[in-house]
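Me: I am new to this structure. Please take me through one part of it closely, and give me the cut-offs behind each term as it comes up.

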Amino acid sequence: MPGLKIAIKDLEFSNISAIIFDKDGTLEDSLPFWREVGIQRSRLIDAQIPGVGEPLLMAFGIYDNTLDPTGLMAVGSRQENEIAAAAYIAETGRSWGEAKKIAAEAFQEIAESKYLIKTPESAPLFPEVKEVLQSLSNAGVKIGILSADSTAGVDSFVANHQLQNFVSLSMGVDGKLFKPNPDLYIQACEALNVVPEQTLMVGDSLGDITMAKAAGAAGTIGIDRDRSARRKSNRNTSFLQADLQISSLSEIQILSSSN
């Protein structure tokens, strides 16, 4: 069955059956929530090992109380963040086993805190998201979400924002594969029963783009919703490998069925 012809700015993509989206920073305005999580993790670890809190904030990508959209906290998995935290702890002379234990316990305590819960209020959808996903789904495009969050976290996101009718795949990072490993994208395509060549990837990090490119996606779209935060971080935040860059999902337009 042929896919759809989709236009984004001045580019057209033919025979598209599915669009795979990143979650945090792409669909969900969650950076303020994750910034607070990073701050609390750093404070808790610093209470046990004084002096490590400030370096941890920088490692997480938190500068002047602003979270770098391209930093570890914003685009990395929990496991990757834990490993980074453990590395800083180990620098103070702790054994690697002890450092990992301290980091894991701190992360778990923050995850279980009743004062820091992810809700539709603390991490809302970006304004256009629901309407765009509904429009794409109604047109016959399969919608997948592939996030550095856990699959349980993606499932909660879909349920909290009532996206079940539009989203065909909720997939996170639960095993040994992390972005930008292209095998992760290939697994998502297999779960959607499509080939990468009939998919588009939309994400807000270079990892999203390089992953989909390496997997053979038909197109890669970088979404940059907060250019001011990116400039402030003084990091290379360009999507040089993406086919194009947008600032809103509303720039995705369905033209017609492909022949």
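Reply: What follows looks at the sheet, then at a helix lying on it, and ends with a second helix pair for reference. This is a predicted model, in which local features need pLDDT of at least 70 and side-chain atom pairs count only at pLDDT 80 or more, while totals for chains, interfaces and linings use all residues. Residues are numbered from 1 along each chain as its sequence is written, and side-chain values use heavy atoms, with hydrogens and water left out.

The sheet is open and has six strands, in the order E7-E6-E3-E8-E9-E10, with parallel pairing. Strands (E, at least two residues) and helices (H or I, at least four) are DSSP runs numbered from the N terminus; two strands pair if DSSP finds at least two bridges between them. The edges are held by strand E7 (169-171) and strand E10 (244-246), each with a single partner strand, so one side of each has no neighbour in the sheet. From one strand to the next, the twist averages 20°.

Strand E6 (residues 142-146) is a good place to start. On one side, four bridges join E6 to strand E3 (residues 18-21), and the two run parallel. Alanine 18 stands opposite lysine 142 in E6, and phenylalanine 21 stands opposite isoleucine 145 in E6. E6 also pairs with E7, in the parallel sense over three bridges; there, glycine 144 stands opposite leucine 169 in E7. E6 is mostly covered, with four of its five residues buried (under 20% relative accessible area; over 50% is exposed and in between is partly exposed, with a 1.4 Å probe and protein chains only).

Helix H9 packs on this sheet and touches E6, strand E8 (199-203) and strand E9 (219-223). The direction of H9 makes about 175° with that of E9 (axes are lines fitted to C-alpha atoms, for helices over the stretch in contact, and angles run from 0 to 180 degrees between N-to-C directions).

H9 (residues 206-215) also packs against helix H8 (residues 182-192), at an angle of about 70° and with the axes 8 Å apart. That makes H8 roughly perpendicular to H9 (65 to 115 degrees; under 35 is roughly parallel, over 145 roughly antiparallel and the rest oblique). Pro182, Leu184, Tyr185 and Ile186 in H8 meet Met211, Ala212, Ala214 and Ala215 in H9 (contact means heavy atoms within 4.5 Å). By class, the contact of H8 with H9 has eight nonpolar residues, no polar and no charged ones.

For reference, take helix H1 (residues 31-48) and helix H5 (residues 96-111), whose axes come within 9 Å and cross at roughly 130°. That makes H1 oblique to H5. H1 contributes Val37, Gln40, Arg41, Leu44, Ile45 and Gln48 to the contact, and H5 contributes Ile102, Ala103, Ala106, Phe107, Glu109 and Ile110. Glutamine 48, in helix H1, counts as partly exposed because its relative accessibility is 42%. Leaving aside neighbours within four places in sequence, glutamine 48 is in contact with Arg94 and Ile102. Glutamine 48 and isoleucine 102 lie 54 residues apart in sequence and 8.7 Å apart in space, C-alpha to C-alpha.

Terms used
Ala, Val, Leu, Ile, Met, Phe, Trp, Tyr, Cys and Pro count as nonpolar, Asp, Glu, Lys and Arg as charged, and the others, Gly among them, as polar.
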